[in-house]
Amino acid sequence: MPRTLLQKLEILADAAKYDASCASSGGTRRTSRSGGLGSTDGGGLCHAYTPDGRCVSLLKILLTNFCRYDCAYCVSRRSSTVERARFSVDEVVRLTLDLYRRNCIEGLFLSSGIARSEDDTMADLVRVAKTLRTAHDFRGYIHLKTIPGASAALLTEAGRWADRLSLNVELPSDASLAAYAPEKSAGRIKAGLATTRTLIEDAATARRRGPGVIGKAPPPRFAPAGQSTQIIVGADRADDLTILGTATSLYASYALKRVYYAAFSPTGHPSAGLPQAATPLVREHRLYQADWLLRFYGFALPELAAAAPAGMLDSAIDPKLAWALAERGRFPVDVNRAPRELLLRVPGLGVRAVERILVARRSGGLRLADVARLSGGGVTRARPFIVTADWRPTALLDEAHLRRRLAPAARPVQLDLFG
């Protein structure tokens, strides 16, 4: 019996939840005030939270979970016993428009299993985005997952209609990919990332140069929100520093906007040779925090390694605090004199707080209460590491139990109602 649209949605939305690499940041600002449907900002949006805490405001589905590949970590792999379904292009378009009109989503995240060939699958993904844009003047956010091995012509068209493109490297090393997804090629994945980077940069260069003729339209944008990728955490034996090293290389090589980290889940149909327990979400969270330190706080990977014994980030405290506790000799720092790069290393002080401190201290010496106000409450953790006009930590920095004082309290475990 043919499946209904709702049955397909249940199957293909569930299959898509394992892909973390979607967020609607960075897209072109579009609005429907002058016509069309949808927007990428403003009100009229609602958000749903998945069981593991991710905020989702996009219709996040697979075009199909039929797949000719047998990747051990994937719930949609060929040998999996999950229920299968396939949307038509028109069904995805109709779902997107209906859910947007009902104020349920702000856009679409669309991926797919590879049921036939790479180009056939990529062509269908492109048709969805193109139909939304051209036939329905849809101005909401569109994120397309590109297919390794798809032609450059299809990638070029995908970037014309989508805000962001992404292509998952899946695992931290080529060796792990070969072990768990032998039908996939790390070389083809990297070639796809490289092609997309080139297309993004070429389009940006063309727009900077302008149309060249007065009155002529500027060159079209290409994936203005850039490209991203995802690394699965915990499916193989890679430690955190190995994963961060891979991410650092990916950022440098392909100008990625984001590397997403997805804690491995064995799903309801585990494959032999993979962990049978889910990777703790706190590990995923610590990797995101370390990623932020590397990209926005001036940290280098060897510095984080000093506070990551055996290559694993501390699960009890965030990596910035772990580094500060391991490098107590660098503290305390004077907030009225220290340079920006040193203030960014103080636990409790974020980028915005540091910028506010740098501006405020031009008008006079800052007191502890000023730092509390400027940091939005981060002074509790910062106190042992800073000096102000009226505060010096004295023995606090040397206190044997400083880690215990600053570590967040363990969350109480809810007992089983029927246990």
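Student: What makes the length of helix 2 close to the expected one?

Tutor: In this predicted model, helix 2 covers residues 89-101, which is 13 residues. From its first C-alpha to its last, helix 2 reaches 19 Å, and the span expected at 1.5 Å a residue is 18 Å. Setting 19 Å against 18 Å, we call the helix close to expectation.

Student: Which residues of helix 2 are buried, and what do they pack against?

Tutor: The buried ones are Val89, Glu91, Val92, Val93, Leu95, Thr96, Leu97, Leu99 and Tyr100. They pack against helix 1 (5-16), strand 3 (58-62), strand 4 (107-111) and helix 3 (118-136).

Student: What is notable about phi at Asn103?

Tutor: Asn103 comes just after helix 2, in the loop between helix 2 and strand 4. Its phi is positive, about 65°, although Asn103 is not a glycine.

Student: Why is Asn103 called partly exposed?

Tutor: Its relative accessible area is 33%. Buried means under 20% and exposed means over 50%, so a value in between is partly exposed. Asn103, at 33%, therefore gets that label.

Student: Where is Asp137, and why does it count as partly exposed?

Tutor: Asp137 sits in the loop between helix 3 and strand 5 (141-145). Its relative accessible area is 31%, so the label is partly exposed. Asp137 also has a positive phi, near 50°, and is a residue other than glycine.

Student: Now to the sheet. What is the order of its strands, and how do they pair?

Tutor: The order is 3-4-5-6-7-8 in an open sheet of six strands, with parallel pairing.

Student: Why are strand 3 and strand 8 said to stand at the edges?

Tutor: Each of them has a single partner strand, so one side of each is left without a neighbour in the sheet. From one strand to the next, the twist averages 20°.

Student: How do you know that strand 3 and strand 4 pair?

Tutor: Pairing takes at least two bridges. Strand 3 and strand 4, which run parallel, are joined by five bridges, so they pass that cut-off. As an example, Ile61 has Leu110 in strand 4 as its bridge partner.

Student: And what makes strand 7 and strand 8 a pair?

Tutor: Six bridges link strand 7 and strand 8 in the parallel sense. Set against the cut-off of at least two, that makes them a pair. Ile231 stands opposite Tyr261 in strand 8.

Student: What makes strand 8 (258-263) "mostly covered"?

Tutor: Six of its six residues are buried. On one side these are Arg258, Tyr260 and Ala262, and on the other Val259, Tyr261 and Ala263. In a regular strand the side chains alternate between the two faces of the sheet. With buried residues on either side, both faces of strand 8 are covered.

Student: Which helices lie against strand 7 and strand 8?

Tutor: Helix 7 (residues 240-254) packs on the sheet and touches strand 7 (227-233) and strand 8. Its direction makes about 165° with that of strand 7. Helix 8 (residues 281-296) lies across strand 7 and strand 8, at about 165° to strand 8.

Student: Why is Pro347 called buried?

Tutor: Its relative accessibility is 1%. The cut-off for buried is under 20%, so Pro347 qualifies. Pro347 is in the loop between helix 11 (340-343) and helix 12 (351-360). Beyond residues up to four places away in sequence, Pro347 touches Lys320, Leu321, Ala324, Gly378, Arg381, Ala382 and Phe385.

Student: What is the peptide bond from Phe331 to Pro332 called, and how do you know?

Tutor: The bond is cis, with omega near 0°. Pro332 has its place in the loop between helix 10 (319-326) and strand 9 (333-334).

Student: How many cavities of 30 Å³ or more are there, and what lines the largest cavity?

Tutor: There are three cavities of that kind. The largest cavity holds about 50 Å³ of space. Its lining consists of Tyr69, Ile114, Glu118, Pro148, Glu183, Lys184, Ser185 and Arg188.

Student: What is the overall picture of the protein?

Tutor: The secondary structure comes to 15 helices and ten strands. Of the 419 residues, 48% are buried.

Key. Residues are numbered from 1 along each chain as its sequence is written. This is a predicted model: local features need pLDDT of at least 70, side-chain atom pairs count only at pLDDT 80 or more; totals for chains, interfaces and linings use all residues. Side-chain values use heavy atoms; hydrogens and water are left out. Helices (H or I, at least four residues) and strands (E, at least two) are DSSP runs, numbered from the N terminus. The expected span of a helix is 1.5 Å times one less than its number of residues. Buried means under 20% relative accessible area, exposed over 50%, partly exposed in between (1.4 Å probe, protein chains only). Contact means heavy atoms within 4.5 Å. Axes are lines fitted to C-alpha atoms, for helices over the stretch in contact, and angles run from 0 to 180 degrees between N-to-C directions. On a 1 Å grid over the protein atoms alone, a cavity is a set of points where a 1.4 Å probe fits but cannot get out, and a pocket is an open set with protein on both sides within 12 Å along at least five of seven lines; lining residues have an atom within 4 Å of a point. Grid points are joined across faces, edges and corners, and a volume is the space filled by probe spheres set on the points.
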